[in-house]
Amino acid sequence: MYLALINPKAGNGGYQKIKREVEGLYRKLKLKVTSLPVEDLNNLPRLLKKELSEKNYKAIIIFGGQATLSAVIGALENKTTTPLAIVPLSKGRHLSDLLKLKKGKEAILAIKGGNILNFPLGKLGEHFFIGKLIVAPRQARVVTGNLLKASWKNLLKLLGGQTKTRRSIATTLEIDNSCTVKAQAIAIEIEPKMENSKPYLHISLETQAESSRAPSPTRMQAQKVKITSSLDMPVISGGELLTKTPVTIECLPETVPLILPKKNGTK
Amino acid sequence: MAKTRANFADFKETATLIGAGVYVEGTLKTENDIQINGIFKGKLETAADVVVGEEAEVRADIDAQNIYIAGQVKGNVIATEKLEILETGRVFGDVKSASLVIEPGGILKGKSEMLSTEEEKPELKPTYEVETSEEES
């Protein structure tokens, strides 16, 4: 038995456009699915707890974007048990690209023939996230599109527009309460990663060096980072503005099990 | 592969890289390589290697496996394997290492102690007992 959580607002009503195809896939794969539309994500923890207490679901299929995924992960009391299959319905392709899904239906097909991959999980305030967060100067435009595929220089072009001037802001990062990093930051990328089964935050900081040489990157690993800046900087995930600095971002010890098609580099 | 100034590019995938123009203060402990191209003050500790770039300024004690210094270090340095002070490197502090190389132009101002990597030799026990007698004349 499978549970499908549907955010009808995600992707401007994207579920309605694929509903017939999805139901056809359920029949084709002989999946018994309980569909649960969630109009208000604030109600999701209560609804999910009720469903999970009544039935034993093999997996949860999520129709939505980063916000829906965050709400589901937050609602799951034991985050590492129930596998999740995500059918991205975001406006941008951030989640699709992160999970290497060309089409959303691949996530449903993977339920029968895919693998489960444990994704490292980050937390920004009450918001859970997978993939990269970008913290960039004030005039950065919130863009949708292929942020993850963009090279570092193209990314800065997308964030800062086509202007040649790259603005930097005095920024302080407190790493794991043990190191203070001060720099003129052009952009900061934070991504939960895993090495030897240990999750951590990978921090990439591009700065404006005082010398005339090209800016050099700074990379660090951490469990927790607090970012403050002289001017507020947007924090962007998948083309969506989440919040502004100051922020505290941490890597969680748990990982989230995601069902992915076998071709997606699962080891 | 031995890391030298010529192939600092080996460190491009370093887990921790402090770029030029970045100031870090605190204790940095990691299992992987560390490269400092900016300013670091505090304590550096890793099971792997440390590279101090030409423009870097480190005011810290460093404890690592191999340490390559092309910039300035003020502090004590312990390298369990190799310490290399390159021609632009300047170290002001005491150093301990199993192997020490100072290139022409490199500066070390402090005490140097070699760490032995030899295994302790087993104590030799006599194969016979020596009898002594106080009454021998």
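These are my notebook entries on a predicted model with chains A and B.

**Ground rules.** I number residues from 1 along each chain as its sequence is written, with chains lettered from A and ligands numbered from 1 in the order in which they are written. Since this is a predicted model, local features need pLDDT of at least 70 and side-chain atom pairs count only at pLDDT 80 or more, while totals for chains, interfaces and linings use all residues; side-chain values use heavy atoms, leaving out hydrogens and water.

**Chain A overall.** I looked up the secondary structure and got six helices and 15 strands (DSSP runs, H or I of at least four residues for helices, E of at least two for strands, numbered from the N terminus). Of the 267 residues in chain A, 51% are buried (under 20% relative accessible area; exposed is over 50%, partly exposed in between; 1.4 Å probe, protein chains only). I also checked contacts (heavy atoms within 4.5 Å). Among those in chain A between residues at least 6 apart in sequence, 67% join residues at least 24 apart.

**Helix α1 of chain A.** This one runs over residues 14-29, 16 residues in total, and spans 22 Å from first C-alpha to last, close to the 22 Å expected (1.5 Å times one less than the number of residues). I found a kink of about 45° centred on A:R20 (the angle between axes fitted to the seven residues ending there and the seven starting there). The buried residues of α1 are A:G14, A:Y15, A:V22, A:L25, A:Y26 and A:L29. Their cover includes β1 (2-6), β2 (33-37), β3 (59-64) and α5 (105-113) of chain A. Right after the helix comes A:K30, with a positive phi near 55°.

**Cysteines.** How many disulfides does the structure hold? Zero, over all chains (a disulfide being two cysteine sulfur atoms within 2.5 Å). The sulfur of A:C179 has its closest cysteine sulfur in A:C251, 17 Å away, so that is too far for a bond. A:C179 is buried at 3% relative accessibility, and A:C251 is buried at 5%.

**Salt bridges.** I counted six over all chains (side-chain nitrogen of Lys or Arg within 4 Å of a carboxyl oxygen of Asp or Glu). Here are three that I looked at.

- A:K132 pairs with A:E189 at 3.2 Å, N to O. A:K132 sits in the loop between β6 (127-129) and β7 (133-135) and A:E189 in strand β9 (179-195), 57 residues apart. A:E189 is buried, at 10% relative accessibility.
- A:D232 pairs with A:K244, closest N and O atoms 3.8 Å apart. This links the loop between β12 (224-229) and β13 (234-237) to strand β14 (240-244). A:D232 is partly exposed at 26%, as is A:K244 at 41%.
- B:K82 pairs with B:E84 at 3.0 Å, N to O. B:K82 is partly exposed at 26%, whereas B:E84 is buried at 6%.

**A–B interface.** The contact takes 20 residues from chain B and 17 from chain A. About 1,400 Å² is buried between them, 47% of it from carbon and sulfur atoms (accessible area, 1.4 Å probe, lost on putting the two parts together, summed over both). I get zero salt bridges across this interface.

**B:E54.** I find B:E54 in the loop between β5 (49-52) and β6 (57-69) of chain B, partly exposed at 46%. Leaving aside neighbours within four places in sequence, B:E54 touches B:A70, B:G71 and B:T88. B:E54 and B:E87 are 33 residues apart in sequence and 9.6 Å apart in space, C-alpha to C-alpha.
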